[in-house]
Amino acid sequence: MSEQSRLRWRCRRGTTELDRLLTRFLEADSGGYGALDSDGRGCFERLLSCEDDQLIDWLLNGQPPAEDGLVDLVQRIRAASGLSA
């Protein structure tokens, strides 16, 4: 299984909204997953390990994560879907 396929599978969540946000970021031509350095990709893996209720708070409700490393990533994911930072 390729890395892209594995990540796409991990982007499947309990809600359609989260699925769409994460998949749009993964597939974005610019500013998405492909633009991340190795540290950013590690942050994305950590983010995918979080519970859906946390992701909903951060990605849909705009609450900032407590972990500094995830703040920029959450903003990037929201921006890839046209949500304000």
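Helix α2 passes helix α4 in a left-handed crossing, and this description, like the rest of the report, rests on a predicted model. Two packed helices are described by the angle between their axes and the distance between the axes. For α2 (residues 16–27) and α4 (residues 52–60), the angle is about 65° and the axes lie 11 Å apart. On the α2 side the contact is made by Glu17, Leu18, Leu21 and Leu22, which meet Asp52, Leu55, Ile56, Leu59 and Leu60 of α4. By residue class, this contact comprises seven nonpolar residues, no polar ones and two charged ones.

The length of α2 can be checked against its residue count: at 1.5 Å a residue, its twelve residues should span 16 Å, and because its end C-alpha atoms are indeed 16 Å apart, the two values agree. Within α2, Leu18, Leu21, Leu22, Phe25 and Leu26 are buried. These residues cover an arc of only 130° around the axis, and therefore lie on the same side of α2. An α-helix has 3.6 residues a turn, so residues three or four places apart point the same way. The cover over the buried residues of α2 includes α1 (3–10), α3 (38–48), α4 and α5 (68–80).

Helix α3 can be described in the same terms. Its buried residues include Gly40, Cys43, Phe44, Leu47 and Leu48, and since the buried residues fall within an arc of 140° when seen down the axis, they line one face of α3. Ser38 and Asp39, on the other side of α3, are exposed. Among the elements that cover the buried residues of α3 are α1, α2, α4 and α5.

Two individual residues, Tyr33 and Arg24, are set out below.

| Residue | Location | Relative accessibility and class |
|---|---|---|
| Tyr33 | loop between α2 and α3 | 4%, buried |
| Arg24 | helix α2 | 42%, partly exposed |

Tyr33 counts as buried because its relative accessible area of 4% is under the 20% cut-off. Leaving aside residues up to four places away in sequence, Tyr33 touches Glu3, Leu7, Phe25, Leu26, Arg41 and Phe44; of these partners, Phe25 and Leu26 are among the buried residues of α2, while Phe44 is one of the buried residues of α3. The C-alpha atoms of Tyr33 and Gln4 are separated by 9.9 Å, although the two residues are 29 residues apart along the chain. For Arg24, the C-alpha atom is separated by 13 Å from that of Arg13, with their positions eleven residues apart along the chain counted as the separation.

How values were computed: Residues are numbered from 1 along each chain as its sequence is written. This is a predicted model: local features need pLDDT of at least 70, side-chain atom pairs count only at pLDDT 80 or more; totals for chains, interfaces and linings use all residues. Side-chain values use heavy atoms; hydrogens and water are left out. Axes are lines fitted to C-alpha atoms, for helices over the stretch in contact, and angles run from 0 to 180 degrees between N-to-C directions. Helices (H or I, at least four residues) and strands (E, at least two) are DSSP runs, numbered from the N terminus. A crossing is left-handed if the near helix is turned anticlockwise from the far one by less than a right angle, and right-handed if clockwise. Contact means heavy atoms within 4.5 Å. Ala, Val, Leu, Ile, Met, Phe, Trp, Tyr, Cys and Pro count as nonpolar, Asp, Glu, Lys and Arg as charged, and the others, Gly among them, as polar. The expected span of a helix is 1.5 Å times one less than its number of residues. Buried means under 20% relative accessible area, exposed over 50%, partly exposed in between (1.4 Å probe, protein chains only). The arc is that of the directions from the helix axis to the C-beta atoms.
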